[in-house]
Amino acid sequence: MKGSGLPICLLTAVFYLFWTPSAGLKTLHLGSCVITTNLQEMRQGFSEIRDRVQAKDEIIDFSILSKSESLQNTKPADRCCLLRHTLRLYLDTVFKNYQIPGHYILRKISTLANSFLTIKKELRLCLQPQEAVVKALGEVDILLRWMDEME
């Protein structure tokens, strides 16, 4: 009696899907956006070059991404938009302009950039371009107040 190999193939496929390791995958709830990404893989890749990259940073009394103010106090509804714009900054400015001799570091940065790009593609557009322009122009007073308060 000839049996169909289909049930065994299906069983094997299901077993493979459930057996595939998902270590490092994390689901991020960013207001209206929910994404799943491998933060462990990105962290591991960056940790391999962190010391060499940070050794080039001569500005030690200033931080662009301050844990306590910039990121942690972000309202849940604004996290999707903040992450999208932060990733865009890294993709459009930081990764493109970072110059260092050595292919190893450049490969690691390229891998990190690809991971950021994948995440950015999953995030929905926060505001339509015209809405963003109107919003930004309407909040110039906040920017001016912040600049005025600087010493």
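**Close-up views of a predicted model**

**View 1. L87 and its partners in a predicted model.** Setting aside residues up to four places away in sequence, L87 touches F116, I119, K120 and L123. This structure is a predicted model, so keep in mind that every value here is computed from it. L87 itself is found in helix 5. Is L87 buried or exposed? It's buried, because its relative accessible area is 4%, and the cut-off for buried is under 20%. Take F116 from that list of partners: L87 and F116 are 29 residues apart in sequence, yet their C-alpha atoms are 6.2 Å apart in space.

**View 2. The largest nonpolar core.** Here we look at a group of 19 residues. Which of them touch the most other members? They are L30, I35, F95, I105, F116, I119 and L123. Two strands and two helices each give two or more residues to this core: strand 1 (25-30), strand 2 (33-38), helix 5 (79-97) and helix 6 (103-122). Helix 6 supplies the largest share, six residues. As a bit of background, nonpolar side chains in soluble globular proteins tend to be buried together.

**View 3. Around L30.** Let's pick one of those core residues and see what sits against it. Leaving out residues up to four places away in sequence, L30 touches I35, P76, R79, C80, L83 and L123. Two of these partners, I35 and L123, are named with L30 among the core residues that touch the most other members.

**View 4. L25, in strand 1.** This view stays with strand 1, where L25 lies. L25 counts as partly exposed because its relative accessible area is 48%, and the exposed class starts over 50%. What does L25 contact once neighbours within four places in sequence are left aside? The answer is T36, T37 and N38. For L25 and T36, the separation is 11 residues in sequence and 6.4 Å in space, C-alpha to C-alpha.

**View 5. T74, in a loop.** Now for a spot outside the helices and strands: T74 lies in the loop between helix 4 and helix 5. T74 counts as buried, because its relative accessibility is 13%. Not counting residues up to four places away in sequence, T74 touches R79 and L82. R79 also turns up among the contacts of L30.

**View 6. The largest pocket.** How much space lies in the largest pocket? About 2,100 Å³. Its lining is made of 40 residues, and those closest to the centre are F46, L65, L71, Y90 and F116. Strand 1, helix 2, helix 3 (50-55), helix 4 (67-71), helix 5 and helix 6 each give two or more residues to the lining. Helix 5 gives the most, with 10 residues. Sorted by class, the lining has 24 nonpolar, eight polar and eight charged residues. F116 is worth finding again in this view, being one of the residues closest to the pocket's centre and one of the contacts of L87.

**View 7. The whole chain, and how far to trust it.** Stepping back, the protein has eight helices and two strands, and they follow the pattern α-β-β-α-α-α-α-α-α-α along the sequence. Of its 151 residues, 19% count as buried. Among contacts between residues at least 6 apart in sequence, 62% join residues at least 24 apart. As for confidence, the average pLDDT is 79, and 77% of the residues score at least 70. Where is confidence lowest, and where is it highest? The lowest is in helix 1 (residues 6-19), at a mean of 46, and the highest is in helix 2 (residues 39-47), at 93. Over residues 13-21, pLDDT stays under 50, and the model has zero contacts for them beyond four places in sequence.

Technical notes
Residues numbered from 1 in each chain as written. Predicted model: local features only at pLDDT ≥ 70, side-chain atom pairs only at ≥ 80, totals over all residues. Heavy atoms only, no water. Core = buried A, V, L, I, M, F, W, Y, C linked by side-chain atoms within 4.5 Å. Buried < 20%, exposed > 50% of the residue type's maximum accessible area, 1.4 Å probe, protein only. Helix = DSSP H or I, 4+ residues; strand = E, 2+ residues; numbered from the N terminus. Contact = heavy atoms within 4.5 Å. pLDDT = per-residue confidence, 0-100. 1 Å grid on protein atoms, 1.4 Å probe; cavity = no way out; pocket = protein on both sides within 12 Å on 5 of 7 lines; lining within 4 Å. Points joined across faces, edges and corners; volume = space filled by probe spheres on them. Nonpolar A, V, L, I, M, F, W, Y, C, P; charged D, E, K, R; others polar.
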